[in-house]
Amino acid sequence: MLLPSFAFSTARSVEEALELWACLPDAAYLAGGTDLLPQLRLGKRAHRNLIDLKRIQSLSRIRETEAGLAIGAAVPLADIARHPAVREHYPLLVECCRRVGAWPLQNRATLAGNICNASPAADTAVALLTLEAGVIAVSPEGERVISVTGLFRGPGQTCLRPGELVTEVVLPHASAGWHGSYQRLSRRQGMDLATVGVLVASSNGGAPPRHRVSLAAVAPTPLRVADAEALLDREGPRAARRAGELARDRCRPITDLRGSAEYRREMVGVLVARGVAALSGPSGIVVPGAGGPGPRTPDPGPQSQGERP
Ligand SMILES: Cc1cc2nc3c(=O)[nH]c(=O)nc-3n(C[C@H](O)[C@H](O)[C@H](O)COP(=O)(O)OP(=O)(O)OC[C@H]3O[C@@H](n4cnc5c(N)ncnc54)[C@H](O)[C@@H]3O)c2cc1C
């Protein structure tokens, strides 16, 4: 199917992007285009105007702020995954960025695009939920901060208002050092969305450690499982199986071409238990500060973790 015709405008500033959106009919923001262009081609969406965000310098940087590390909406996933501060303090996000498609895609796709597309299977969403990230959104009415938890409304739906633009995703200082592993099942590595994704994480240092459990592709939105987290906080790794059962009860999977609802539900239980086990063992664990700046060339290690059936 051919890409339908559309007009392409390049914004050079956030203000210009907002103005273009306001004056152009049927407009959409374009970041990496790895979701939007296939959706246009397949006729799932129709836009007469695309507004390119990749030339906006203020969206193309990662910077320290008072609230935390702010990742610009035009920064490609590959640059996030090799950024020294992200690697040092937020290794869970590094791991999840590396699980989005394959390397050529990561050189183009963005974090903001991944969450604004609001797929229940968005791989970076589980890291952002775990890290309790904030999303900065601007519109002509001003700027607001949205918690990632509050952003997702349903498949393909966010709480963003028409024309509202995400400028940055902020990783709070308080979430620095959380570690764990992302257990992900998919039909084909690097080519397909997750059939099930489970991130089990633990806080760095401090006694007793706290836990977070986030799920992808098993409900209308990515989600956290608060009661599984509380159980792990109270009882530690010996409660791994029961935490898996709680997560299994909380999810609301569908049956689609990637897997049945029953399979997904069962796998949530298995992967939570596996994720808890990984917290106390070397297998699959990602620790803060693992490695220096990463290459742009394929690195099969992280991509192959957790892909066991
Ligand atoms: C072959 C292939 C494999 C893939 N594999 C995976 C995978 O394994 N895991 C996964 O999670 N995803 C996967 N995807 C989906 C996609 O690559 C990701 O969701 C990607 O992160 C989207 O980012 P983008 O910059 O390309 O977004 P775009 O396509 O540019 O935009 C996506 C949506 O977000 C909106 N948007 C973008 N930026 C902003 C902004 N700053 N403010 C407001 N709205 C905005 C756009 O208007 C659009 O609606 C895959 C896609 C393909 C084609």
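Trainee: Which elements do the buried residues of H12 pack against?

Mentor: In this predicted model, local features need pLDDT of at least 70 and side-chain atom pairs count only at pLDDT 80 or more, while totals for chains, interfaces and linings use all residues. Residues are numbered from 1 along each chain as its sequence is written. Helices (H or I, at least four residues) and strands (E, at least two) are DSSP runs numbered from the N terminus, and contact requires C-beta atoms, placed from the backbone, within 7 Å. The partners of the buried H12 residues are strands E11 (179-185), E12 (196-202) and E13 (211-216), with helices H10 (226-235) and H11 (240-250).

Trainee: What distance does helix H12 reach from its first C-alpha to its last?

Mentor: H12 covers residues 261-279, 19 residues in total. The expected span is 1.5 Å times one less than the number of residues. The helix is close to that expected value of 27 Å, reaching 27 Å.

Trainee: Which element gives the largest share of the largest nonpolar core?

Mentor: Such a core is a set of buried Ala, Val, Leu, Ile, Met, Phe, Trp, Tyr and Cys residues joined through C-beta atoms within 7 Å. Buried means 20 or more other C-beta atoms within 10 Å of a residue's own, with C-beta atoms placed from the backbone. Leu53, Leu93 and Val272 touch the most other members among the 89 residues of this core. Its largest share, eight residues, comes from H12.

Trainee: Which residues does Val272 touch, not counting those up to four places away in sequence?

Mentor: Val272 is one of the buried residues of H12. Beyond the excluded neighbours, Val272 touches Val198, Val200, Val213, Ala228, Ala243, Gly244 and Ala247.

Trainee: Why does Leu223 count as buried?

Mentor: Leu223 lies in strand E14 (residues 223-224). Leu223 and Val213 are 10 residues apart in sequence and 8.5 Å apart in space, C-alpha to C-alpha. Leu223 is buried because the number of other C-beta atoms within 10 Å is 22.

Trainee: Which helix gives the most residues to the shell around the ligand?

Mentor: The ligand is surrounded by 29 residues, each with its C-beta atom, placed from the backbone, within 6 Å of the ligand; the closest are Ala31, Gly32, Gly113, Asn114 and Cys116. Elements that give two or more residues are strand E2 (27-30), helix H2 (36-41), helix H7 (111-116) and strand E10 (165-172). With four residues, the element that gives the most is H7.

Key
Buried ≥ 20, exposed ≤ 12 C-beta atoms within 10 Å, placed from the backbone. Contact = placed C-beta atoms within 7 Å.
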